[in-house]
Amino acid sequence: MRTIRTTVQQFVDELDLSVFGVGFSVSLLAILVFFLNPEASAKRMGQINEYLWTEFMWVYVGTMFLMVVFSLWLMFGHWGSIKLGKPDDDPEFSLLSFFSMMFSAGIAAGIVFWGPAEALSHYETVPPLIGAEPKTSAAAVGAIQYTLFHWGISYWVPYLIVAIPIAYYAFREDAPMRVSTLIAPFVGVDGLDGFWAKTIDILAVFATIGGIATTLGFVGKQFLTGLAYNLGVSLGDGGTVLMITGLTVAFTVSVTLGVKKGIARVSLFNMAVFVLLAVATFLLGPTNYIMNTGLQAVGGYFGEFLTMSLYTNAAGSGEWVGNWTVFYWAWVFSWAPFGGLFVARISKGRTIRQVVGTALIGATASTIPWFLTMGGSAVYFERNDIAPMLEMVDQYGVSVSGFPLFASLPFGEVLAAVFMLLVVTFFVTSADSSTLALGMLTTGGKQHPSTVNRVIWGGLMGGLASLLIVGGGISALRSSAIITGFPFAFISVVAIVGMAWEFQSVRPLLTTDRQSTPTRTTNATSRSGMGSEDD
């Protein structure tokens, strides 16, 4: 009993009551409303979703492109060598562990869900920009090209835009490890307990819950579909809730072990399984087709990157862009608060260029082969009548795509089992990094929030994911991401302006001297006593 009282007291003492109270209450209310009337709730979410992508498509598309441009500047430009930490700080994690955690937390289970599914969907319903006839060779190339676009460079930049200012101020100025720290250039480190900071942290809680519930819902749906397809087991609504609960327990165990013992180890295991499955599928699958179609798709991706980045189908209805590109950008916007916070947490001692390069080069170089292999194989099997891929999608839903693919390969049962394992490990790494971030957000920025705090948020997200699957399916999951990600399109612009202002003060663009004296004194500098750039 003494241990329990001590644990509970620690949980209470560390709380930021305003952020935790509002975030927890509204989240619990959303779960209750959805539980009492799931159909009406899903319908209302769909209406809000349609309004946002219809009226504000330009916000999602334009903001993402701005973030891409700024991230490229951070990697190649004058500010890339600024260190996220004090001069004598060494990186806390090895480069392999750093990359594995960033990749596993950032790409999440979406890469498993959409790996075989997205190219297959675009092959049947061709993106308007591609303009090819459905189910043709040109449609196949365009389908893979657009998949690379959605999961390539652009996917990673929202994490960077949130992570870099947080890490910069947290490790150089001892600012709190929370999302509101990104406004430190405007209010100073001492002003991070004000109204705007609290508002940003509360919005970050909502975005995180919406984003991770979407992901957990996708993964849960895929796991259930795998059981139905491979074993003929249908769990029903009650079984769905129990299954999500079981996975929630799994990631809770991981997150209670901390970053080094829990998240880092699971992430490394996750990457090993990911690479193993990708290599096996590439070698056992239609290797020739994957290479020929994939190379052309990669060329199209880089050659038409600017066009795809700014494409809104203004001459048409915009529905396809809303359902796909806007959905993806909103989804990663909703992931940006906790993904960025987690990346900031593990970036101590690294330069801005190292962090940005790990995401834009390392992570993108890892996702491209996966989508070329999985998407290319799925399209090839459908085109050559090797597996009824689209027929299975019509019967089971889009979440089935990976299972008939692996069933058509040698050692199909083994590969399908490994695929299911990957679904679970990505679920765990996504969920434990998000609960850690929610813990930091609701405790004023503590880097090691209590276990009770993490378990509470894990339970809430698991419950919401279950209800979204049962009550609204894939469409409700899409709507959840688009709605909760919307505010962070604007907050990301604020972060960019703040970074440019701060970094210009410590390293002016027109100055080549590495020991340059700041040209101005920022709010953060004047309140915290920061000197000149010394990295």
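Colleague: How far does helix H2 reach from its first C-alpha to its last?
Modeller: This is a predicted model: local features need pLDDT of at least 70, side-chain atom pairs count only at pLDDT 80 or more, and totals for chains, interfaces and linings use all residues. Residues are numbered from 1 along each chain as its sequence is written, and side-chain values use heavy atoms, with hydrogens and water left out. H2 runs over residues 17–36, which makes 20 residues; a helix here is a DSSP run of H or I with at least four residues, numbered from the N terminus. The expected span, 1.5 Å times one less than the number of residues, is 28 Å, and H2 comes close to that with a reach of 28 Å.

Colleague: How wide an arc do the buried residues of H2 cover around the axis?
Modeller: An α-helix has 3.6 residues a turn, so residues three or four places apart point the same way. In H2 the buried ones (under 20% relative accessible area, 1.4 Å probe, protein chains only) are Val19, Phe20, Gly23, Ser27, Ile31 and Phe34. They sit on the same side of H2 because their arc, taken from the directions from the helix axis to the C-beta atoms, is only 90°.

Colleague: Which exposed residues are on the face of H2 turned away from its buried side?
Modeller: Exposed means over 50% relative accessible area, with partly exposed lying between the 20% and 50% cut-offs. On that opposite face, the exposed residues are Leu17 and Leu36.

Colleague: Zooming out, how many helices does the chain have?
Modeller: Don't go looking for strands (DSSP runs of E, at least two residues), as the chain has zero. The helix count is 24.

Colleague: Which helix gives the largest share of the largest nonpolar core?
Modeller: Buried residues make up 61% of the chain's 535 residues. A nonpolar core joins buried Ala, Val, Leu, Ile, Met, Phe, Trp, Tyr and Cys through side-chain atoms within 4.5 Å, and the largest one has 168 residues, with Phe103, Trp114 and Trp156 touching the most other members. Its largest share is 18 residues, from residues 319–345, helix H16.

Colleague: How many residues apart in sequence are the parts that Lys86 and Asp174 tie together?
Modeller: Their side chains form a salt bridge (a Lys or Arg side-chain nitrogen within 4 Å of an Asp or Glu carboxyl oxygen), at 3.7 Å from N to O. Lys86 is in the loop between H4 and H5 and Asp174 in the loop between H9 and H10, so the parts they tie together are 88 residues apart.

Colleague: Is Arg345 buried or exposed?
Modeller: Arg345 pairs with Glu92 in a salt bridge, their closest N and O atoms 3.1 Å apart. That links distant parts of the chain, H16 and the loop between H4 and H5, 253 residues apart. Glu92 is partly exposed at 32%, whereas Arg345, at 3% relative accessibility, is buried.

Colleague: Which residues do salt bridges that share partners join into one network?
Modeller: Arg178 and Asp193 meet in a salt bridge at 3.0 Å, N to O. Arg178 is in the loop between H9 and H10 and Asp193 in the loop between H10 and H11, so the pair ties parts 15 residues apart. Arg178 is buried at 3%, while Asp193 is exposed at 55%. The network's members are Arg178, Asp193 and Asp201.
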